[in-house]
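Hi,

Here is the structure I promised to send over. Have a look at it first, and then read on for what turned up when I went through it.

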Amino acid sequence: MSAAYEAGTLTPTVLVRHLLDRAGRMDPQVHAFIRLDAEAALDAAAQAEREIAAGRKRGPLHGVPVGIKDIIDVAGLPTTCHSKILLGNVAARDATVVSRLRAAGAIILGKLSTHEFAIGGPCHDLPFPAARNPWNTDHHPGGSSSGSGAGLAAGLFPLALGTDTGGSVRNPASQCGITGLKPTYGLVSRAGVFPLAFTLDHIGPMARSAEDAALLLEAIAGHDPGDPGSAVPQAADYRPGPAASLKGLRVGFVRHFHERDMPADPEMAAGLERAAEWLGALGMQVRDVTLPSLDEFAAVNRVILHAEAFAIHARWLRERPGDYAQLTRSSLLTGAFLTAEDLGRAQRARHRMIAAVEAAFREVDVLLCASSMDPAARIDDPAEIARTYARQARTPFNVTGHPALAVMTGLSADGLPLAAQLVGRYFDERRLFTLAVAVATVAGQPACPMLLED
């Protein structure tokens, strides 16, 4: 899109009008949007068009539309968190990530569906419908950044922001066949984002390719004094490097996650083996590594998440319990029964787990492991969603804060995406994007059939 703007073969206004028309026709099937901000998007497109024509292009995102998960503030629009609790909550100012997108010339297209307060779902007793998987709308798109994943795969927008506390960028990326990155903890500001769990929350870029996700990360990354957890990384270029730079890379394959700790669906396991073979064919050294078990990681994540989430929601749970979806309320109330001892033990275990992953990175350069253990469940089968939702290997890296990226490994026999996860050292996002591009080049990436409809 950026190149077409420069060549004069496309304008932001034409693109935005096309996407608004496409959303009008296709979103009733997918429910990616809570709110399309059509008038403001067209005004921003016209402004971007004038600036490009005057030679004042601000960068590759200038005039490019972005969808925003509806726990992230956009000035003048409601931040509902997909909940009755916050239906009238109009944001007074942009979240830092939205301000940075505007500074890069990006166009805010609208607010996207999420699980209520980004904790579990889908729920069907909420003010807005649950997003659906565009590969097969009878299936779940993953969550909690469900609208971000579904809308990208369906071609309703080229870029989106998601959030990730226990895997909520990488889950929809895995289930919808797109690229989703949970960056290093603190790399992207959370100021202006409704929290789920302060010490586990991340904001991440989502796109249909690793190259596009890297451009989005470049726009939003960086220190922010408004976020107490914000890191101060060195300035970085996140755009993927040449595939030749990967030769000789040491890849640690965490097989026990999907072979012993939580045996994966055979098709998902076969996709992981293919990914290991692709990396080997590109000249990398793939070896098995061992980390703490998934049960240990998951227990630590759950205790910290539920304790912190209850602290955030305690007043509303006492005063307005009936305004939550039943599933959300049950999940949040778990935190009421945790003790200071539980939280203290979890935090001590967390430090041991960080040390274990750091020790692995002294022996290898990157980790390969499962993301989801199963393809997407049917959205009308709550028992299967509940069973498969916890069958994943994403929470370890919320616990440790390492960057992790979901990459597609093929399709199941039913035509649903399969995925793997790549995990890097702190602030090594560029290497993950380079790896993701290399995997996509070797594997080929089938497009969602809905993306090709027009």
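The UniProt record, an unreviewed entry, puts the feature "domain: Amidase" at residues 15-432. Keep in mind while reading that this is a predicted model. Across residues 15-432 the chain is 39% helix and 14% strand, and the C-alpha atoms at the two ends of that stretch are 30 Å apart.

On to the aromatics. There are six aromatic pairs in the structure. One of them is phenylalanine 117 with phenylalanine 194, a tilted pair with 5.2 Å from centre to centre and 50° between the planes. Phenylalanine 117 sits in the loop between strand 3 (107-112) and helix 5 (146-153), while phenylalanine 194 sits in the loop between strand 5 (179-182) and strand 6 (202-207), so this pair ties together parts that are 77 residues apart in sequence.

Is phenylalanine 117 buried or exposed? Its relative accessibility is 2%, so phenylalanine 117 counts as buried. Phenylalanine 117 also pairs with tryptophan 316: the ring centres are 6.0 Å apart and the planes are at 35°. That angle falls between the 30 degrees under which planes count as stacked and the 60 over which they count as edge-to-face, so the pair is tilted. Tryptophan 316 belongs to helix 10 (residues 294-319), 199 residues away from phenylalanine 117, and the pair therefore links distant parts of the chain. Tryptophan 316 is buried, as is phenylalanine 117. If you want to see the whole group at once, select Phe117, Phe194, Trp316 and Tyr324, which form one aromatic cluster.

Next, the cysteines. How many disulfides does a search of the whole structure find? The count is zero. Take cysteine 81: the nearest cysteine sulfur belongs to cysteine 123 and is 13 Å away. A disulfide needs the two sulfur atoms within 2.5 Å, so cysteine 81 is in no disulfide. Cysteine 81 is buried, with a relative accessible area of 0%. For cysteine 448 the nearest cysteine sulfur is that of cysteine 176, at 7.9 Å, and cysteine 448 is in no disulfide either. Cysteine 448 has a relative accessible area of 3%, so it is buried too.

Leucine 187 is worth a click as well. You will find leucine 187 in the loop between strand 5 and strand 6, and it is buried, at 0% relative accessible area. Which residues is leucine 187 in contact with, leaving aside its neighbours within four places in sequence? They are Leu217, Ala221, Gly222, Ala231, Pro233, Tyr238, Phe427 and Glu429. Along the chain, leucine 187 and tyrosine 426 are 239 residues apart, yet their C-alpha atoms are separated by 9.5 Å.

Last topic: charges. Side chains of opposite charge can pair when their charged atoms come close. Searching the whole structure turns up 21 salt bridges. Here are a few of them.

Lysine 57 and glutamate 6 form one, with 3.0 Å between the closest N and O atoms. Lysine 57 is in the loop between helix 3 (38-53) and strand 2 (65-69), and glutamate 6 is in helix 1 (residues 2-7), so the bridge ties together parts that are 51 residues apart in sequence. Lysine 57 is partly exposed at 23% relative accessible area, whereas glutamate 6, at 61% relative accessibility, counts as exposed.

Glutamate 51 and arginine 58 meet in another salt bridge, 2.9 Å from N to O. Here glutamate 51 counts as buried at 9% relative accessibility, and arginine 58 as partly exposed at 43%.

Then there is aspartate 365 with arginine 250, at 3.1 Å from N to O. This salt bridge links distant parts of the chain: aspartate 365 is in the loop between helix 12 (340-360) and strand 9 (366-370), arginine 250 is in strand 7 (residues 250-253), and the two are 115 residues apart. Aspartate 365 is buried, with a relative accessible area of 11%, and arginine 250 counts as partly exposed at 24% relative accessibility.

Finally, Arg255, Glu259, Glu273 and Asp288 are joined into one network by salt bridges that share partners.

Cheers

Terms used
Residues are numbered from 1 along each chain as its sequence is written. This is a predicted model: local features need pLDDT of at least 70, side-chain atom pairs count only at pLDDT 80 or more; totals for chains, interfaces and linings use all residues. Side-chain values use heavy atoms; hydrogens and water are left out. UniProt positions are given in the numbering used here, feature names are shortened, and annotations may be inferred rather than shown by experiment. Helices (H or I, at least four residues) and strands (E, at least two) are DSSP runs, numbered from the N terminus. Rings of Phe, Tyr and Trp (its six-membered ring) pair if their centres lie within 6.5 Å; planes under 30 degrees apart count as stacked, over 60 as edge-to-face and the rest as tilted. Buried means under 20% relative accessible area, exposed over 50%, partly exposed in between (1.4 Å probe, protein chains only). Contact means heavy atoms within 4.5 Å. A salt bridge is a side-chain nitrogen of Lys or Arg within 4 Å of a carboxyl oxygen of Asp or Glu.
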